[in-house]
Amino acid sequence: MPIRRTRIFIDYATIASILVLVVMVATLTSSIRHIWDSWRWVIHTREVLEHVQMTISFVHEADFLQKSVLLDENADDRAALDRTLHAIPQSVQKLQGLTRDNPRQQDALQAYRQTLDRHTLALQAALADAADAGKQTLDERRMAAATRATILQQAAGLRAEEERLLGFRETQLRNDQIRVIVAVSVVAALSIALLVLVRWLAWRDTVILIDERARLDATLRSIGEAVVAVDLDGRVRFMNPVAEKFLGVSEADAAGRLFEDVFRSGQNAAADGQVGSIYRLVISTGTPRFNVELHAASAAGADAEHDWIAGCYPVLIDDRLRGAVISAMDITRLKDAQRKLNEANQTLEQRVLERTEALAETNLELHAFAHTVAHDLRAPLRNIQGFASALLEDETPRLSPTGRMFLQRIDGGVGRLDRLISDLLDYSKLTRGDLPQGPVDLERAVQLALTDLEAQIGASGARVEVTSPLPAVLGNEALLIQVFNNLIGNAIKFVAPGVAPRVLVRAHAAEDRIRVEVADNGIGISPADRGRVFGVFERLHGQERYPGTGIGLAIVHKAADWMGGSVHMEEAPGGGSIAVLSLRPSPGQQTAPHKA
């Protein structure tokens, strides 16, 4: 990651450097152009000054030659004077050409030229007068002196203006030179800073790469998988100790050789084509391959067969394929364990099947045994109960009170034992789960249960109220009749002495279930015992006070569970208990949240 950030930084730095260099080159070019222009203007100004000085020299020379001609008629001096007088307007014209970009100097040169022209005419007129009269008057000499003074004054003004321009242009030239020097210095400083930065980043990344390479090398050489790295030509570039052991070739011997040749030298010819096709496909497509199973002989010999799971991953640098890494893990022990596990599973399945068949036979035998025992037990019990009842009817006058008490206890015990056997048979039917299920009219089941309980209801003076209509449920009608028989019977039985039982049966849809409630005004059940009462043979009260077998609510719980529902006990608001059945609605029965 740091290296990637460095590359991005270098890219940005390079772009910024190029932009800076472009700006600086443009600045240098502009500065050099300015220097050249400033230098031309400096030369130009100096040339103007030279021509101004030249005109003054021509004036002095003309004055000198004129005096020489006046004193001594010399043809050479006269010719030289004529040339000088002719050169003066040419020099002024040259000055006008050089200063045409300066209107101020043009105006000054116009006046300067007129003065020079008057002076030239005055010199020529003086020569003509001297030829006629032989001398020059005092006024003419004074006028010539005044003209020369004017010429010198005007020339001084021209020179002063050009010297001012020369100073300004030399200052501008120096400023341009300073800007060029600064620009060159900045470019040099930026270049040096960039080189130092790039050098530092390269050094840092080199350290990081060396460190990462060392860690990667240590990791690859310490893992338990065989790892081989190849280039685009399929030549080995790296091999860890596990691969050396597997192939039987050292890394030094394998380096630079084709991987397929190394694989052959490791006596793995059986898997050679498969492995070769894997890495060639990865190198050609750049798509990794995983979980390729191999079965090949180890370098230890043809008898040392091993199972391997191999994979090949492309090596990409800047999205360019550079080679591939081949890894293989020895799964021989895992395969052996898997084979042993499969064999154990098959053995276990066979044993489970055998024991299931044996258990089914045992259940059939127990079922037959239960019916046989029930029949064999109930027949003697009926005989005992019959003889006890006959003795109580026929021999009561001759029996002592103790004898009558014993016979009554025998009769009651036999009756309880018969009910216990009957309940156990009912409970065993539920555990087998061989009863059909279907839509059941809940109101019909409650009414049939009440018909069975008519004698108990009449004897106790109970009042049973059913809130109609009751919805249809999914279950077994006979089971539901028995469930309501037990729940309503318990509600009638478990009341305080002297209290007339009151039972309310109601039902409503609650979400995707039918909630059936059997509420009573009985003695109630403590919260700690509400789950315990559904156990087999669980009794909360003595046999003398509330007789029973302790299986009724267990049958209710088992029946509700078998029909895909549930049952639990709640406390009634005014005292007593509420047995709550949660049953599945009949197919097509509409259910909705209950509104109290």
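Student: How much space lies in the second largest cavity?
Tutor: This is a predicted model, where local features need pLDDT of at least 70 and side-chain atom pairs count only at pLDDT 80 or more, while totals for chains, interfaces and linings use all residues. Residues are numbered from 1 along each chain as its sequence is written, and side-chain values use heavy atoms, with hydrogens and water left out. A cavity here is a set of points on a 1 Å grid over the protein atoms alone where a 1.4 Å probe fits but cannot get out, and its volume is the space filled by probe spheres set on the points. For the second largest cavity that comes to about 40 Å³.

Student: Which helices each supply at least two residues of its lining?
Tutor: Lining residues have an atom within 4 Å of a point, and among them are His44, Val48, Glu162 and Arg169. Helices are DSSP runs (H or I, at least four residues), numbered from the N terminus. The two suppliers are H1 (2-71) and H4 (138-222).

Student: Is Serine 577 buried or exposed?
Tutor: Serine 577 is found in strand S12, residues 577-583 (strands are E runs of at least two). Serine 577 touches Val518, Asp520, Ile525 and Met569, among others (contact means heavy atoms within 4.5 Å). Its relative accessible area is 6%, and under 20% with a 1.4 Å probe, protein chains only, counts as buried.

Student: Which residue in S2 stands opposite valine 228?
Tutor: S1 (residues 226-231) and S2 (residues 236-239) pair in the antiparallel sense over three bridges; pairing takes at least two DSSP bridges. The partner of valine 228 is methionine 239.

How values were computed. 1 Å grid on protein atoms, 1.4 Å probe; cavity = no way out; pocket = protein on both sides within 12 Å on 5 of 7 lines; lining within 4 Å. Buried < 20%, exposed > 50% of the residue type's maximum accessible area, 1.4 Å probe, protein only. Lists of a residue's contacts leave out its neighbours within four places in sequence.
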